[in-house]
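Biologist: Could you walk me through the helix packing here, and tell me how each label was earned?

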Amino acid sequence: MQDNSGKIIKSIRPSRIILPIIIGIGFSGYMLYREYQPDSFDLLQLSLKTLFWIIVSFLLIAIRDLGYIYRIRLLSNKQLSWRRAFSVIMLWEFTSAITPSAVGGTSVAIFFLNKEGIRVGRSSAIVMVTSFLDELFFIIAFPIVLIFIGRSDIFAFGTKVMEHIPWYKNQFILFALTGYGLKLIYTLILTYGLFINPRGLKFLLLWIFKLPIIRRWRPGANESGSDLINSSNEFKSWSAKKWIKAFCATSISWISRYWIVNTIIIAFFGFSFLSFEDHMLVFGKQLVMWIMMIVSPTPGGSGFAEYVFKEFLAGIVPIGTGVALAFVWRSISYYPYLFIGGILVPRWIRKHFVKR
C-alpha cells in the first residue's frame with residue numbers, strides 16, 4: 001500500500017475536477033442549444049416554493065451522506081470518529097466523481113481507511129461489506145419496485161412506447177435484467193468470500209501476487225489476507241441487530257438519493273404535477289438509470305448521466321425542460337462532491353504525508 005501511495009495521490013489530485021465539469025456543463029449547454037423550445041422555460045416555476053424544495057433536495061443529499069457515514073463507523077466498530085468517517089466518505093465520493101462509473105472509488109477507499117488507522121485487510125473487508133450491502137439493497141428493491149409499479153414504461157427510453165413490445169424484444173428490459181444478473185452474481189461471490197470461505201479469498205489473493213510484477217508485495221498480501229479472515233470472522237459473529245442497522249443505513253442512503261429527482265420535479269412544476277403513481281414511476285426509473293450509468297466511460301458519468309436522465313424523463317416532464325432539470329439534478333447530487341473533494345484532498349494529504 002505504501003509503494004502505491006504516490007500513484008493513488010496522483011489519481012485523486014484536485015485538478016482532475018476540471019474534466020468532469022467541462023464535460024457535464026458542456027454537454028448540458030449543447031443539449032440546451034439543440035433542443036431549446038420557445039417558451040419551454042416559462043413552464044419552470046421560480047418561487048419560494050421552488051427554493052424550499054431545492055433545500056429539501058440538498059437535505060436528502062445530507063441524509064444520504066449521513067447514512068454512509070453512520071454505516072462506515074458501524075463497520076469499523078466505531079474505530080473511526082464522526083469527523084474521520086466524514087472525511088473517508090467525502091474522499092470516497094470525490095474519487096467516484098472523477099473516475100469512470102465502471103471503476104468508481106472502491107479500491108481507493110481501502111487506501112483512505114488504511115491511512116485513517118485501519119489495517120489493510122480489515123479495510124478491504126469493510127469496503128467489501130459496504131459493496132455487499134449496496135448490491136443487496138438493489139437486488140431486493142428492484143423486483144419490489146417492478147411488482148409494485150407494474151408498468152412496462154419504467155423501461156421506456158425517450159419517447160418510445162413500450163406497451164406493445166414483448167419483453168424479450170425490449171432492449172432496455174434486457175439491458176436491465178443483464179445488469180441485475182451481474183449484480184446478483186457479484187453479490188453471491190461477495191457473500192461466499194466474506195461469510196463462507198474467506199480463506200479462499202486469501203488463497204486467490206496470494207495466487208494473484210505470484211505474478212512477477214507484484215511478487216515483491218506477496219508478504220504484505222499474506223498479512224492482508226490474514227486480516228481479511230479475522231475481519232470476516234468478526235462480521236460473521238455480528239448480531240442481527242447490527243446487520244439490520246447497517247442495512248437500514250444503506251437503504252436510507254439509496255432512497256434519499258433516488259427521491260432527489262422527485263423533489264426537483266416538485267420544485268419546478270408543483271406538488272400536484274405528478275400523481276403518486278407517477279412519482280413511483282420516476283423513482284423506479286432511476287433503478288434502471290443507475291444500471292445504465294455503470295457502463296459510462298466518462299468521469300462520474302459526466303455527459304452520459306445528463307443524457308440518460310433527460311431520456312428517461314421524456315414523456316414525464318414538459319418537452320424542452322429535461323436538460324435543464326438534468327443540470328439541476330447534477331448540480332445538487334454530483335458537483336458538490338467535486339468542490340468538497342477539491343478542498344478536502346490537499347488538507348488530507350498534508351495531514352498524512354507532509355512531515356511537520
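**Helix pairs and a cavity**

Modeller: Sure. Helix 10 (residues 240–269) and helix 13 (residues 322–333) have axes that come within 10 Å and cross at roughly 125 degrees. Keep in mind that this is a predicted model.

Biologist: Why is helix 10 called oblique to helix 13?

Modeller: Roughly perpendicular covers 65 to 115 degrees and roughly antiparallel needs over 145. The angle here is roughly 125 degrees, so helix 10 counts as oblique to helix 13. As for its hand, the crossing is right-handed.

Biologist: Which residues make that contact?

Modeller: Helix 10 brings Ile260, Val261, Ile264, Phe268 and Phe269, and helix 13 answers with Leu325, Val328, Trp329, Ile332 and Ser333.

Biologist: What makes up that contact in terms of nonpolar, polar and charged residues?

Modeller: Nine are nonpolar, one is polar and none is charged. Ser is not on the nonpolar or charged lists, so Ser333 is the polar one.

Biologist: On to helix 3 and helix 6. Why are they called oblique?

Modeller: The axes of helix 3 (residues 48–75) and helix 6 (residues 120–149) come within 10 Å and cross at roughly 135 degrees. Roughly antiparallel would need over 145, and the two helices are therefore oblique to each other. This crossing is right-handed too.

Biologist: Which residues meet there, and how do they divide?

Modeller: From helix 3 you have Tyr68, Arg71, Ile72 and Leu75, which meet Arg122, Ile126, Val129, Thr130, Leu133 and Asp134 of helix 6. That contact divides into six nonpolar, one polar and three charged residues. Arg and Asp count as charged, so the charged ones are Arg71, Arg122 and Asp134.

Biologist: What about helix 11 and helix 12: at what angle do they pack?

Modeller: About 145 degrees, with the axes 10 Å apart. Helix 11 passes helix 12 in a right-handed crossing. On the helix 11 side the contact uses Val282, Lys285, Val288, Met289, Met292 and Met293, and on the helix 12 side Phe304, Ala305, Val308, Phe309, Phe312 and Leu313. Eleven of these residues are nonpolar, none is polar and one is charged. Lys counts as charged, so that one is Lys285.

Biologist: How many cavities of 30 Å³ or more does a search of the whole structure find?

Modeller: One. The largest cavity holds about 50 Å³ of space. Its lining is Val261, Val282, Lys285, Gln286, Met289, Phe309, Phe312 and Leu313.

Biologist: Which elements give two or more residues to that lining?

Modeller: Helix 11 (276–293) and helix 12 (304–313) do. Helix 11 has the largest share, with four residues.

Biologist: And what makes the lining up, by residue class?

Modeller: Six nonpolar, one polar and one charged. Lys counts as charged and Gln falls among the polar, so Lys285 is the charged residue and Gln286 the polar one.

Technical notes
Residues numbered from 1 in each chain as written. Predicted model: local features only at pLDDT ≥ 70, side-chain atom pairs only at ≥ 80, totals over all residues. Heavy atoms only, no water. Axes fitted to C-alpha atoms, helices over the stretch in contact; angles between N-to-C directions. Parallel < 35°, antiparallel > 145°, perpendicular 65-115°, else oblique. Left-handed = near helix turned anticlockwise from the far one by under 90°. Contact = heavy atoms within 4.5 Å. 1 Å grid on protein atoms, 1.4 Å probe; cavity = no way out; pocket = protein on both sides within 12 Å on 5 of 7 lines; lining within 4 Å. Points joined across faces, edges and corners; volume = space filled by probe spheres on them.
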